[in-house]
Amino acid sequence: MTIDTLGSSAGEPTAAEAAWTRCLQDAKRLSRTTLREQFAADPARAGRYTLTAAGLTLDFSKNRLDEGALDSLLALATAAGLPSAIAALFAGAQVNNTEERPALHTLLRAPRGSDPRSQEVHATLARMEAFCHALAQGHWRGFRDERITDVVNIGIGGSDLGPAMVYEALQDRWIAGLRCHFVSNVDPLHLEQTLARLQPGTTLCVVASKTFTTLETMQNARAARAWALAGGLAHSDLARHFVAVSANVEKAAEFGIAPANIFPLWDWVGGRYSLWSAIGLPIALGVGMANFRALLAGAHALDEHFRTAPLRTNLPVLLALLTHWYYHAFGAHSHAVLPYAQNLQWFPAFLQQLDMESLGKQVSRDGVALRGDSGGILWGSAGTNGQHSFHQLLHQGTRLVPADFIAVLQSASSQRDAHLQLLANCFAQSQALMLGKSREDAQEELLRQGMGVEQAKWLAPHKACPGNRPTNTLLLSRLDPGSLGALIALYEHKVYVQSVLLGLNAFDQWGVELGKVLGNGVYRALTAGAPCQGFDSSTAALIERARLGQ
(Lines give C-alpha, C1' and ligand atoms only; values in the text may rest on other atoms or scores of the structure.)
Protein backbone atom coordinates (compact mmCIF):
# COMPACT_ATOMS: atom_id res chain seq x y z
CA MET A 1 0.00 0.00 0.00
CA THR A 2 1.33 3.44 -0.89
CA ILE A 3 1.11 6.34 1.49
CA ASP A 4 0.86 9.28 -0.86
CA THR A 5 -2.95 9.47 -0.56
CA LEU A 6 -5.34 8.69 2.24
CA GLY A 7 -6.02 5.01 2.55
CA SER A 8 -9.41 3.38 2.28
CA SER A 9 -8.55 0.08 3.88
CA ALA A 10 -11.09 -1.49 6.17
CA GLY A 11 -10.61 -1.09 9.89
CA GLU A 12 -8.09 1.13 11.62
CA PRO A 13 -5.69 3.15 9.42
CA THR A 14 -2.09 2.03 9.26
CA ALA A 15 0.58 4.10 10.98
CA ALA A 16 1.62 5.49 7.60
CA GLU A 17 -1.96 6.43 6.71
CA ALA A 18 -2.44 8.12 10.08
CA ALA A 19 0.83 10.04 9.67
CA TRP A 20 -0.17 11.16 6.19
CA THR A 21 -3.54 12.34 7.48
CA ARG A 22 -1.67 14.61 9.88
CA CYS A 23 0.50 15.86 7.02
CA LEU A 24 -2.60 16.78 5.01
CA GLN A 25 -4.04 18.58 8.01
CA ASP A 26 -0.81 20.56 8.36
CA ALA A 27 -0.86 21.42 4.66
CA LYS A 28 -4.38 22.78 5.02
CA ARG A 29 -3.35 24.79 8.09
CA LEU A 30 -0.29 26.25 6.38
CA SER A 31 -2.32 27.24 3.33
CA ARG A 32 -3.86 29.94 5.53
CA THR A 33 -0.53 31.71 5.98
CA THR A 34 2.39 32.72 3.76
CA LEU A 35 6.14 32.41 3.88
CA ARG A 36 6.38 36.18 4.04
CA GLU A 37 4.26 36.13 7.20
CA GLN A 38 6.23 33.27 8.72
CA PHE A 39 9.53 35.08 8.24
CA ALA A 40 8.09 38.29 9.66
CA ALA A 41 6.86 36.44 12.74
CA ASP A 42 10.08 34.48 13.33
CA PRO A 43 13.42 36.31 12.89
CA ALA A 44 15.32 33.12 13.77
CA ARG A 45 13.61 30.99 11.11
CA ALA A 46 16.56 30.80 8.70
CA GLY A 47 18.97 29.64 11.38
CA ARG A 48 16.64 26.93 12.61
CA TYR A 49 16.10 25.56 9.11
CA THR A 50 19.71 25.58 7.89
CA LEU A 51 21.93 22.49 8.14
CA THR A 52 25.46 21.58 7.04
CA ALA A 53 26.85 18.14 6.20
CA ALA A 54 29.69 16.75 4.06
CA GLY A 55 30.68 20.26 2.99
CA LEU A 56 27.16 21.18 1.80
CA THR A 57 24.90 23.74 3.43
CA LEU A 58 21.12 23.47 2.99
CA ASP A 59 18.82 26.40 3.74
CA PHE A 60 15.29 24.99 3.65
CA SER A 61 13.68 27.88 5.50
CA LYS A 62 11.81 29.12 2.40
CA ASN A 63 9.42 26.17 2.51
CA ARG A 64 5.79 25.89 3.55
CA LEU A 65 6.85 24.40 6.82
CA ASP A 66 6.74 24.89 10.58
CA GLU A 67 7.69 22.70 13.52
CA GLY A 68 4.34 20.96 13.58
CA ALA A 69 4.47 20.10 9.88
CA LEU A 70 8.10 18.98 10.19
CA ASP A 71 7.14 16.67 13.05
CA SER A 72 4.35 15.19 10.92
CA LEU A 73 6.64 14.61 7.95
CA LEU A 74 9.27 12.94 10.11
CA ALA A 75 6.57 10.75 11.65
CA LEU A 76 5.57 9.79 8.12
CA ALA A 77 9.16 8.79 7.31
CA THR A 78 9.34 6.63 10.40
CA ALA A 79 5.96 5.02 9.72
CA ALA A 80 7.06 4.27 6.15
CA GLY A 81 10.00 2.28 7.53
CA LEU A 82 12.68 4.68 6.35
CA PRO A 83 15.26 3.92 9.08
CA SER A 84 15.21 0.20 8.28
CA ALA A 85 15.22 0.96 4.53
CA ILE A 86 18.38 3.03 4.91
CA ALA A 87 20.01 0.23 6.87
CA ALA A 88 18.94 -2.29 4.19
CA LEU A 89 20.51 -0.21 1.41
CA PHE A 90 23.91 -0.11 3.10
CA ALA A 91 23.73 -3.73 4.26
CA GLY A 92 23.39 -4.97 0.69
CA ALA A 93 19.83 -6.25 0.95
CA GLN A 94 17.93 -6.89 -2.28
CA VAL A 95 16.41 -3.42 -2.46
CA ASN A 96 16.08 -4.01 -6.21
CA ASN A 97 13.56 -6.78 -5.65
CA THR A 98 12.35 -7.22 -9.26
CA GLU A 99 15.88 -8.06 -10.41
CA GLU A 100 16.83 -9.73 -7.12
CA ARG A 101 19.86 -7.51 -6.61
CA PRO A 102 21.26 -5.13 -4.04
CA ALA A 103 22.06 -1.55 -5.03
CA LEU A 104 25.60 -1.12 -3.77
CA HIS A 105 26.70 2.11 -5.39
CA THR A 106 27.73 3.28 -1.92
CA LEU A 107 30.25 0.43 -1.86
CA LEU A 108 31.97 1.95 -4.90
CA ARG A 109 33.08 4.94 -2.83
CA ALA A 110 33.81 3.21 0.48
CA PRO A 111 37.45 3.72 1.55
CA ARG A 112 39.84 0.82 1.35
CA GLY A 113 39.51 -1.42 4.40
CA SER A 114 36.19 0.04 5.52
CA ASP A 115 34.11 -2.79 4.05
CA PRO A 116 35.26 -6.35 3.32
CA ARG A 117 33.00 -6.44 0.26
CA SER A 118 34.99 -3.71 -1.52
CA GLN A 119 38.13 -5.69 -2.37
CA GLU A 120 37.20 -6.06 -6.05
CA VAL A 121 36.19 -2.41 -6.21
CA HIS A 122 39.60 -1.26 -5.03
CA ALA A 123 41.36 -3.69 -7.34
CA THR A 124 39.51 -2.03 -10.24
CA LEU A 125 40.40 1.44 -8.95
CA ALA A 126 44.05 0.38 -8.90
CA ARG A 127 43.78 -0.77 -12.52
CA MET A 128 42.16 2.54 -13.47
CA GLU A 129 44.93 4.44 -11.72
CA ALA A 130 47.65 2.52 -13.55
CA PHE A 131 45.91 3.09 -16.87
CA CYS A 132 45.45 6.82 -16.23
CA HIS A 133 49.11 7.12 -15.24
CA ALA A 134 50.26 5.32 -18.39
CA LEU A 135 48.18 7.62 -20.59
CA ALA A 136 49.15 10.83 -18.77
CA GLN A 137 52.85 9.97 -18.83
CA GLY A 138 52.78 9.04 -22.50
CA HIS A 139 53.61 5.38 -21.88
CA TRP A 140 50.35 4.29 -23.53
CA ARG A 141 50.66 5.45 -27.11
CA GLY A 142 48.78 5.09 -30.36
CA PHE A 143 49.60 2.79 -33.25
CA ARG A 144 51.96 5.38 -34.77
CA ASP A 145 53.71 5.82 -31.41
CA GLU A 146 51.97 9.17 -30.83
CA ARG A 147 50.60 10.39 -27.50
CA ILE A 148 46.87 10.06 -26.98
CA THR A 149 45.35 13.55 -27.08
CA ASP A 150 41.62 12.75 -27.19
CA VAL A 151 39.34 10.30 -25.39
CA VAL A 152 35.92 9.50 -26.85
CA ASN A 153 33.50 7.93 -24.40
CA ILE A 154 30.85 5.91 -26.23
CA GLY A 155 27.86 5.10 -24.04
CA ILE A 156 24.32 6.20 -23.32
CA GLY A 157 22.17 6.89 -20.27
CA GLY A 158 24.13 6.29 -17.09
CA SER A 159 27.22 5.39 -19.11
CA ASP A 160 27.19 8.89 -20.58
CA LEU A 161 25.27 11.42 -18.48
CA GLY A 162 27.20 10.99 -15.23
CA PRO A 163 30.73 11.03 -16.66
CA ALA A 164 29.91 13.88 -19.06
CA MET A 165 28.35 15.97 -16.31
CA VAL A 166 31.24 15.47 -13.88
CA TYR A 167 33.88 16.12 -16.54
CA GLU A 168 32.17 19.37 -17.50
CA ALA A 169 31.78 20.40 -13.86
CA LEU A 170 35.48 19.91 -13.10
CA GLN A 171 36.89 21.57 -16.18
CA ASP A 172 39.20 23.80 -14.15
CA ARG A 173 41.04 20.53 -13.35
CA TRP A 174 41.28 19.17 -16.88
CA ILE A 175 44.66 17.61 -17.68
CA ALA A 176 46.53 19.70 -20.23
CA GLY A 177 46.94 18.06 -23.61
CA LEU A 178 44.05 15.62 -23.19
CA ARG A 179 40.41 16.27 -24.05
CA CYS A 180 37.42 14.02 -23.39
CA HIS A 181 34.41 13.83 -25.69
CA PHE A 182 31.11 12.07 -25.05
CA VAL A 183 29.02 10.40 -27.75
CA SER A 184 25.66 8.87 -26.92
CA ASN A 185 23.03 9.56 -29.56
CA VAL A 186 22.26 6.93 -32.17
CA ASP A 187 21.97 9.84 -34.62
CA PRO A 188 25.13 9.24 -36.69
CA LEU A 189 25.89 12.96 -36.77
CA HIS A 190 26.77 12.90 -33.08
CA LEU A 191 29.70 10.57 -33.65
CA GLU A 192 30.63 11.89 -37.10
CA GLN A 193 30.84 15.49 -35.95
CA THR A 194 32.92 14.49 -32.94
CA LEU A 195 35.39 12.36 -34.89
CA ALA A 196 35.71 14.95 -37.68
CA ARG A 197 37.91 17.03 -35.34
CA LEU A 198 40.10 14.09 -34.26
CA GLN A 199 42.84 11.84 -35.62
CA PRO A 200 42.66 8.03 -35.29
CA GLY A 201 46.29 7.75 -34.24
CA THR A 202 45.86 10.02 -31.21
CA THR A 203 42.34 8.98 -30.15
CA LEU A 204 41.31 6.47 -27.50
CA CYS A 205 37.71 5.20 -27.50
CA VAL A 206 36.12 3.98 -24.27
CA VAL A 207 33.13 1.74 -25.04
CA ALA A 208 30.89 1.74 -21.96
CA SER A 209 28.11 -0.83 -21.90
CA LYS A 210 27.28 -3.31 -19.14
CA THR A 211 25.93 -5.89 -21.59
CA PHE A 212 27.92 -4.81 -24.64
CA THR A 213 24.69 -5.14 -26.60
CA THR A 214 23.11 -1.69 -26.11
CA LEU A 215 21.88 -0.62 -29.56
CA GLU A 216 23.06 2.99 -29.53
CA THR A 217 26.42 2.24 -27.93
CA MET A 218 27.27 -0.67 -30.20
CA GLN A 219 26.23 1.15 -33.37
CA ASN A 220 28.48 4.06 -32.45
CA ALA A 221 31.30 1.73 -31.36
CA ARG A 222 31.22 -0.11 -34.69
CA ALA A 223 31.21 3.20 -36.57
CA ALA A 224 34.17 4.43 -34.50
CA ARG A 225 36.02 1.20 -35.22
CA ALA A 226 35.39 1.60 -38.95
CA TRP A 227 36.65 5.20 -38.76
CA ALA A 228 39.81 4.03 -37.01
CA LEU A 229 40.45 1.24 -39.53
CA ALA A 230 39.88 3.63 -42.41
CA GLY A 231 42.40 5.96 -40.79
CA GLY A 232 45.22 3.45 -41.00
CA LEU A 233 44.80 1.10 -38.04
CA ALA A 234 45.13 -2.62 -38.59
CA HIS A 235 42.82 -4.91 -36.61
CA SER A 236 45.79 -5.76 -34.42
CA ASP A 237 46.13 -2.05 -33.56
CA LEU A 238 42.63 -1.75 -32.12
CA ALA A 239 43.86 -2.77 -28.67
CA ARG A 240 45.86 0.48 -28.50
CA HIS A 241 42.81 2.62 -29.29
CA PHE A 242 39.78 0.85 -27.77
CA VAL A 243 39.09 -0.09 -24.16
CA ALA A 244 35.80 -1.17 -22.61
CA VAL A 245 33.84 -0.98 -19.41
CA SER A 246 31.50 -3.97 -19.38
CA ALA A 247 30.28 -7.02 -17.54
CA ASN A 248 30.36 -8.98 -20.82
CA VAL A 249 34.05 -9.70 -21.38
CA GLU A 250 33.33 -12.21 -24.14
CA LYS A 251 31.37 -9.75 -26.28
CA ALA A 252 33.93 -7.00 -25.75
CA ALA A 253 36.73 -9.34 -26.79
CA GLU A 254 34.78 -10.35 -29.92
CA PHE A 255 34.61 -6.66 -30.80
CA GLY A 256 38.40 -6.48 -30.81
CA ILE A 257 39.19 -5.21 -27.34
CA ALA A 258 41.99 -6.96 -25.48
CA PRO A 259 40.72 -8.66 -22.31
CA ALA A 260 43.38 -6.80 -20.32
CA ASN A 261 41.74 -3.56 -21.43
CA ILE A 262 38.23 -4.47 -20.26
CA PHE A 263 37.30 -2.89 -16.93
CA PRO A 264 34.60 -4.70 -14.95
CA LEU A 265 31.09 -3.53 -14.13
CA TRP A 266 28.95 -5.51 -11.71
CA ASP A 267 25.24 -6.28 -11.88
CA TRP A 268 24.68 -4.59 -8.52
CA VAL A 269 25.64 -1.23 -10.07
CA GLY A 270 22.68 0.44 -11.75
CA GLY A 271 23.45 2.54 -14.80
CA ARG A 272 22.33 5.84 -13.30
CA TYR A 273 24.40 5.12 -10.19
CA SER A 274 27.52 3.96 -12.05
CA LEU A 275 29.77 6.99 -12.51
CA TRP A 276 31.60 5.95 -9.32
CA SER A 277 32.68 2.69 -10.98
CA ALA A 278 34.93 2.13 -14.00
CA ILE A 279 32.18 3.91 -15.95
CA GLY A 280 33.92 6.96 -14.50
CA LEU A 281 37.13 6.09 -16.40
CA PRO A 282 36.84 9.15 -18.70
CA ILE A 283 36.49 11.32 -15.59
CA ALA A 284 39.69 9.85 -14.15
CA LEU A 285 41.47 10.22 -17.49
CA GLY A 286 40.28 13.79 -17.92
CA VAL A 287 40.92 15.22 -14.45
CA GLY A 288 43.35 12.72 -12.95
CA MET A 289 42.87 9.78 -10.63
CA ALA A 290 43.55 11.86 -7.52
CA ASN A 291 40.56 14.05 -8.34
CA PHE A 292 38.44 11.00 -9.12
CA ARG A 293 39.29 9.58 -5.69
CA ALA A 294 38.38 12.94 -4.13
CA LEU A 295 35.01 12.70 -5.90
CA LEU A 296 34.49 9.28 -4.31
CA ALA A 297 35.52 10.61 -0.90
CA GLY A 298 32.99 13.44 -1.09
CA ALA A 299 30.22 11.01 -1.95
CA HIS A 300 31.28 8.71 0.89
CA ALA A 301 31.12 11.59 3.37
CA LEU A 302 27.51 12.20 2.33
CA ASP A 303 26.81 8.45 2.50
CA GLU A 304 27.94 8.44 6.11
CA HIS A 305 25.78 11.45 6.89
CA PHE A 306 22.76 9.75 5.29
CA ARG A 307 23.45 6.48 7.10
CA THR A 308 24.01 7.91 10.57
CA ALA A 309 22.32 11.32 10.95
CA PRO A 310 18.95 11.52 12.73
CA LEU A 311 16.06 12.01 10.32
CA ARG A 312 15.48 15.58 11.57
CA THR A 313 18.97 16.69 10.55
CA ASN A 314 19.43 14.38 7.55
CA LEU A 315 19.78 16.39 4.34
CA PRO A 316 18.58 13.76 1.81
CA VAL A 317 15.67 12.85 4.08
CA LEU A 318 14.52 16.46 4.45
CA LEU A 319 14.78 17.19 0.73
CA ALA A 320 12.82 14.05 -0.10
CA LEU A 321 10.10 14.76 2.48
CA LEU A 322 9.66 18.28 1.15
CA THR A 323 9.37 17.11 -2.46
CA HIS A 324 6.88 14.40 -1.41
CA TRP A 325 4.97 17.05 0.54
CA TYR A 326 4.60 19.35 -2.46
CA TYR A 327 3.76 16.60 -4.95
CA HIS A 328 1.15 14.86 -2.84
CA ALA A 329 -0.27 17.49 -0.50
CA PHE A 330 -0.01 20.68 -2.59
CA GLY A 331 -0.54 19.32 -6.10
CA ALA A 332 2.87 20.13 -7.60
CA HIS A 333 3.85 18.03 -10.61
CA SER A 334 7.40 19.13 -11.29
CA HIS A 335 10.53 20.28 -9.52
CA ALA A 336 13.18 22.69 -10.84
CA VAL A 337 16.90 22.39 -10.12
CA LEU A 338 18.73 25.64 -10.79
CA PRO A 339 22.52 25.55 -10.42
CA TYR A 340 23.99 29.04 -10.44
CA ALA A 341 27.30 27.73 -11.76
CA GLN A 342 27.98 27.40 -15.48
CA ASN A 343 30.10 24.30 -14.95
CA LEU A 344 27.02 22.56 -13.48
CA GLN A 345 24.95 23.18 -16.60
CA TRP A 346 24.53 19.43 -17.22
CA PHE A 347 23.57 18.65 -13.63
CA PRO A 348 19.78 18.96 -14.20
CA ALA A 349 20.01 16.62 -17.21
CA PHE A 350 21.89 14.08 -15.09
CA LEU A 351 19.27 14.38 -12.35
CA GLN A 352 16.46 13.85 -14.85
CA GLN A 353 17.59 10.27 -15.42
CA LEU A 354 18.37 9.70 -11.75
CA ASP A 355 14.98 10.96 -10.60
CA MET A 356 12.54 10.08 -13.37
CA GLU A 357 13.97 6.66 -14.26
CA SER A 358 13.93 5.76 -10.57
CA LEU A 359 10.52 7.15 -9.61
CA GLY A 360 8.58 6.90 -12.87
CA LYS A 361 6.71 3.74 -11.84
CA GLN A 362 3.04 2.77 -11.64
CA VAL A 363 3.13 -0.13 -9.20
CA SER A 364 4.53 -0.71 -5.73
CA ARG A 365 7.37 -3.06 -4.86
CA ASP A 366 4.72 -5.78 -4.56
CA GLY A 367 3.30 -5.09 -8.03
CA VAL A 368 0.14 -3.38 -6.72
CA ALA A 369 -1.08 -0.29 -8.58
CA LEU A 370 -0.15 2.94 -6.82
CA ARG A 371 -3.17 4.75 -5.45
CA GLY A 372 -1.71 8.14 -6.27
CA ASP A 373 0.95 9.72 -8.45
CA SER A 374 4.53 8.50 -8.30
CA GLY A 375 7.46 10.73 -9.24
CA GLY A 376 7.22 14.12 -10.88
CA ILE A 377 9.02 15.91 -13.68
CA LEU A 378 12.47 17.24 -12.85
CA TRP A 379 13.89 20.00 -15.00
CA GLY A 380 16.09 23.09 -14.91
CA SER A 381 19.14 24.82 -16.33
CA ALA A 382 22.04 26.95 -15.22
CA GLY A 383 21.38 30.37 -13.76
CA THR A 384 21.21 33.16 -14.78
CA ASN A 385 20.08 31.91 -18.20
CA GLY A 386 16.84 30.54 -16.79
CA GLN A 387 15.88 33.96 -15.47
CA HIS A 388 15.45 35.09 -19.06
CA SER A 389 13.33 32.13 -20.09
CA PHE A 390 11.33 29.93 -17.74
CA HIS A 391 11.58 31.89 -14.48
CA GLN A 392 8.56 33.86 -15.67
CA LEU A 393 6.47 30.73 -15.06
CA LEU A 394 8.04 30.22 -11.64
CA HIS A 395 7.12 33.73 -10.52
CA GLN A 396 3.72 34.32 -12.12
CA GLY A 397 2.50 31.00 -13.50
CA THR A 398 -0.49 29.28 -11.98
CA ARG A 399 1.38 26.02 -11.32
CA LEU A 400 3.32 25.42 -8.12
CA VAL A 401 6.91 24.49 -8.98
CA PRO A 402 9.23 23.98 -5.99
CA ALA A 403 12.86 24.73 -6.83
CA ASP A 404 16.36 23.98 -5.61
CA PHE A 405 18.91 26.77 -6.05
CA ILE A 406 22.55 25.65 -6.01
CA ALA A 407 25.29 28.23 -5.48
CA VAL A 408 29.08 28.06 -5.24
CA LEU A 409 30.51 30.65 -2.87
CA GLN A 410 34.09 30.70 -4.18
CA SER A 411 34.52 30.73 -7.94
CA ALA A 412 37.45 29.41 -9.95
CA SER A 413 37.21 32.68 -11.89
CA SER A 414 39.35 35.66 -10.90
CA GLN A 415 36.41 37.99 -11.61
CA ARG A 416 35.17 38.33 -8.04
CA ASP A 417 32.67 41.10 -8.69
CA ALA A 418 31.08 39.22 -11.57
CA HIS A 419 30.74 36.18 -9.35
CA LEU A 420 29.08 38.29 -6.66
CA GLN A 421 26.60 39.44 -9.31
CA LEU A 422 25.83 35.77 -9.98
CA LEU A 423 25.29 35.06 -6.28
CA ALA A 424 23.14 38.18 -5.93
CA ASN A 425 20.87 36.91 -8.70
CA CYS A 426 20.64 33.46 -7.11
CA PHE A 427 19.72 34.75 -3.67
CA ALA A 428 17.36 37.40 -5.04
CA GLN A 429 15.44 34.86 -7.12
CA SER A 430 14.62 32.67 -4.13
CA GLN A 431 13.77 35.79 -2.13
CA ALA A 432 11.43 37.03 -4.86
CA LEU A 433 9.73 33.67 -5.15
CA MET A 434 9.13 33.72 -1.40
CA LEU A 435 8.06 37.36 -1.02
CA GLY A 436 6.19 38.04 -4.26
CA LYS A 437 4.63 41.42 -4.93
CA SER A 438 1.00 42.24 -4.18
CA ARG A 439 -1.26 44.06 -6.61
CA GLU A 440 -1.39 46.98 -4.18
CA ASP A 441 2.40 47.19 -3.96
CA ALA A 442 2.67 47.04 -7.72
CA GLN A 443 0.15 49.84 -8.09
CA GLU A 444 1.94 52.02 -5.52
CA GLU A 445 5.22 51.44 -7.31
CA LEU A 446 3.73 52.57 -10.61
CA LEU A 447 2.24 55.66 -9.04
CA ARG A 448 5.64 56.61 -7.56
CA GLN A 449 7.06 56.31 -11.07
CA GLY A 450 4.61 58.99 -12.23
CA MET A 451 1.97 56.82 -13.90
CA GLY A 452 -1.64 57.97 -13.79
CA VAL A 453 -4.04 56.34 -11.37
CA GLU A 454 -6.20 54.57 -13.93
CA GLN A 455 -3.28 53.29 -15.95
CA ALA A 456 -1.49 52.11 -12.78
CA LYS A 457 -4.63 50.35 -11.61
CA TRP A 458 -4.92 48.60 -14.97
CA LEU A 459 -1.24 47.55 -15.18
CA ALA A 460 -0.77 46.47 -11.54
CA PRO A 461 -2.32 42.96 -11.92
CA HIS A 462 0.18 42.21 -14.70
CA LYS A 463 3.14 43.13 -12.47
CA ALA A 464 1.93 41.38 -9.32
CA CYS A 465 3.62 38.12 -8.26
CA PRO A 466 1.85 35.81 -5.79
CA GLY A 467 4.99 34.77 -3.90
CA ASN A 468 4.82 31.97 -1.34
CA ARG A 469 6.71 29.76 -3.82
CA PRO A 470 8.88 27.23 -1.93
CA THR A 471 12.61 26.88 -2.57
CA ASN A 472 15.71 25.25 -1.11
CA THR A 473 19.16 26.78 -1.38
CA LEU A 474 22.22 24.53 -1.43
CA LEU A 475 25.61 26.16 -0.89
CA LEU A 476 29.01 24.73 -1.84
CA SER A 477 32.10 26.55 -0.62
CA ARG A 478 33.72 25.75 -3.95
CA LEU A 479 33.00 23.43 -6.86
CA ASP A 480 35.69 20.81 -6.35
CA PRO A 481 35.66 17.01 -6.65
CA GLY A 482 34.74 16.48 -2.99
CA SER A 483 31.79 18.87 -2.92
CA LEU A 484 30.56 17.62 -6.30
CA GLY A 485 30.67 14.02 -5.07
CA ALA A 486 28.66 14.97 -2.00
CA LEU A 487 26.14 16.90 -4.11
CA ILE A 488 25.52 13.96 -6.43
CA ALA A 489 25.20 11.51 -3.52
CA LEU A 490 22.77 13.88 -1.83
CA TYR A 491 20.35 13.61 -4.74
CA GLU A 492 20.90 9.85 -5.11
CA HIS A 493 19.80 9.34 -1.53
CA LYS A 494 16.97 11.84 -1.83
CA VAL A 495 15.53 9.74 -4.68
CA TYR A 496 15.87 6.58 -2.60
CA VAL A 497 13.96 8.17 0.29
CA GLN A 498 11.19 9.23 -2.09
CA SER A 499 10.95 5.66 -3.34
CA VAL A 500 10.54 4.41 0.22
CA LEU A 501 7.79 6.95 0.89
CA LEU A 502 6.03 5.81 -2.29
CA GLY A 503 6.66 2.12 -1.64
CA LEU A 504 8.25 1.47 -5.04
CA ASN A 505 11.51 0.08 -6.42
CA ALA A 506 13.94 2.89 -7.34
CA PHE A 507 16.46 0.62 -9.03
CA ASP A 508 14.70 -1.03 -11.98
CA GLN A 509 13.53 0.55 -15.25
CA TRP A 510 11.37 -1.94 -17.08
CA GLY A 511 9.54 0.79 -18.97
CA VAL A 512 12.69 1.48 -20.96
CA GLU A 513 12.58 -2.00 -22.46
CA LEU A 514 9.31 -1.69 -24.39
CA GLY A 515 10.54 0.98 -26.78
CA LYS A 516 13.74 -0.95 -27.41
CA VAL A 517 11.85 -4.12 -28.35
CA LEU A 518 9.42 -2.31 -30.63
CA GLY A 519 12.28 -0.34 -32.16
CA ASN A 520 13.86 -3.53 -33.45
CA GLY A 521 10.69 -4.40 -35.35
CA VAL A 522 10.37 -0.90 -36.79
CA TYR A 523 14.00 -0.98 -37.92
CA ARG A 524 13.44 -4.30 -39.72
CA ALA A 525 10.43 -2.79 -41.46
CA LEU A 526 12.37 0.34 -42.45
CA THR A 527 15.12 -1.74 -44.08
CA ALA A 528 12.84 -4.33 -45.74
CA GLY A 529 11.59 -4.05 -49.27
CA ALA A 530 8.30 -5.81 -48.60
CA PRO A 531 5.06 -3.94 -47.87
CA CYS A 532 4.78 -2.71 -44.32
CA GLN A 533 2.53 -5.04 -42.35
CA GLY A 534 1.64 -5.73 -38.75
CA PHE A 535 1.73 -2.11 -37.53
CA ASP A 536 -0.96 0.36 -36.59
CA SER A 537 -1.87 2.79 -39.38
CA SER A 538 0.11 5.67 -37.93
CA THR A 539 3.35 3.73 -37.46
CA ALA A 540 2.96 2.08 -40.88
CA ALA A 541 2.50 5.48 -42.55
CA LEU A 542 5.54 6.90 -40.77
CA ILE A 543 7.62 3.92 -41.92
CA GLU A 544 6.52 4.39 -45.51
CA ARG A 545 7.36 8.11 -45.41
CA ALA A 546 10.79 7.31 -43.97
CA ARG A 547 11.40 4.79 -46.74
CA LEU A 548 10.67 7.48 -49.31
CA GLY A 549 12.71 10.04 -47.43
CA GLN A 550 9.98 12.67 -47.57
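A nonpolar core is a set of buried Ala, Val, Leu, Ile, Met, Phe, Trp, Tyr and Cys residues joined through side-chain atoms within 4.5 Å. Here, the largest nonpolar core has 119 residues, and those with the most contacts inside it are Leu204, Trp325, Phe347, Leu484 and Tyr491. Welcome to a predicted model, in which local features need pLDDT of at least 70, side-chain atom pairs count only at pLDDT 80 or more, and totals for chains, interfaces and linings use all residues. Residues are numbered from 1 along each chain as its sequence is written, and side-chain values use heavy atoms, with hydrogens and water left out.

**The nonpolar cores**

- Helix 19 (residues 481-502) gives the most to the largest core, with 13 residues; helices (H or I, at least four residues) and strands (E, at least two) are DSSP runs, numbered from the N terminus.
- A second, separate core has 21 residues, including Val152, Leu198, Ala221 and Phe242.
- Nonpolar side chains tend to be buried together in soluble globular proteins.

**Three residues to find first**

- Tyr491 is in contact (heavy atoms within 4.5 Å) with Val337, Phe347, Leu351, Leu354, Asp404, Ile406 and Leu474, leaving aside its neighbours within four places in sequence.
- Val152 sits in strand 3, and its relative accessible area of 0% makes this residue buried; buried means under 20% relative accessible area, exposed over 50%, and partly exposed in between (1.4 Å probe, protein chains only).
- Not counting neighbours within four places in sequence, Val152 is in contact with His181, Val183, Leu195, Leu198, Thr203, Leu204, Cys205 and Val206.
- Val152 and Leu474 are 322 residues apart along the chain, and their C-alpha atoms are separated by 33 Å.
- Thr471 belongs to strand 11 (residues 471-478) and is buried, with a relative accessible area of 2%.
- Beyond residues up to four places away in sequence, Thr471 touches Asp59, Lys62, Asn63, Ala403, Phe405, Ser430 and Leu433.

**Two helices**

- Helix 4 (residues 67-79) has 13 residues, which at 1.5 Å a residue should span 18 Å, and its end C-alpha atoms agree at 18 Å apart; the expected span is 1.5 Å times one less than the number of residues.
- Ala69, Leu70, Ser72, Leu73, Leu74, Leu76 and Ala77 are the buried residues of helix 4, and their cover includes helix 1 (15-30), helix 5 (82-91), helix 13 (315-329) and helix 19.
- Helix 6 (residues 119-136) also agrees with its expected span: its 18 residues should span 26 Å, and its end C-alpha atoms are 26 Å apart.
- In helix 6, the buried residues are Val121, His122, Thr124, Leu125, Met128, Phe131, Cys132, Ala134 and Leu135.
- Packing against these buried residues are strand 3 (150-154), strand 5 (203-208), strand 6 (242-246), strand 7 (262-264), helix 11 (281-287) and helix 12 (289-308).
- Gly138, just after helix 6, takes a positive phi of about 80°.

**The largest pocket**

- On a 1 Å grid over the protein atoms alone, a pocket is an open set of points with protein on both sides within 12 Å along at least five of seven lines, a cavity is a set of points where a 1.4 Å probe fits but cannot get out, and lining residues have an atom within 4 Å of a point.
- The largest pocket holds about 1000 Å³ of space; grid points are joined across faces, edges and corners, and a volume is the space filled by probe spheres set on the points.
- Its lining has 39 residues, and the closest to its centre are Thr214, Gly271, Gln509, Glu513 and Lys516.
- Helix 20 provides the largest share of this pocket's lining, 6 residues.
- The pocket lining divides into 12 nonpolar, 18 polar and 9 charged residues; Ala, Val, Leu, Ile, Met, Phe, Trp, Tyr, Cys and Pro count as nonpolar, Asp, Glu, Lys and Arg as charged, and the others, Gly among them, as polar.

**The cavities**

- There are 2 cavities of 30 Å³ or more, and the largest cavity has a volume of about 40 Å³.
- Lining the largest cavity are Leu108, Val121, Thr124, Leu125, Met128, Trp266, Trp276, Ser277 and Ala278.
- The second largest cavity has about 30 Å³ of space, and helix 9 gives the most to its lining, with 3 residues.
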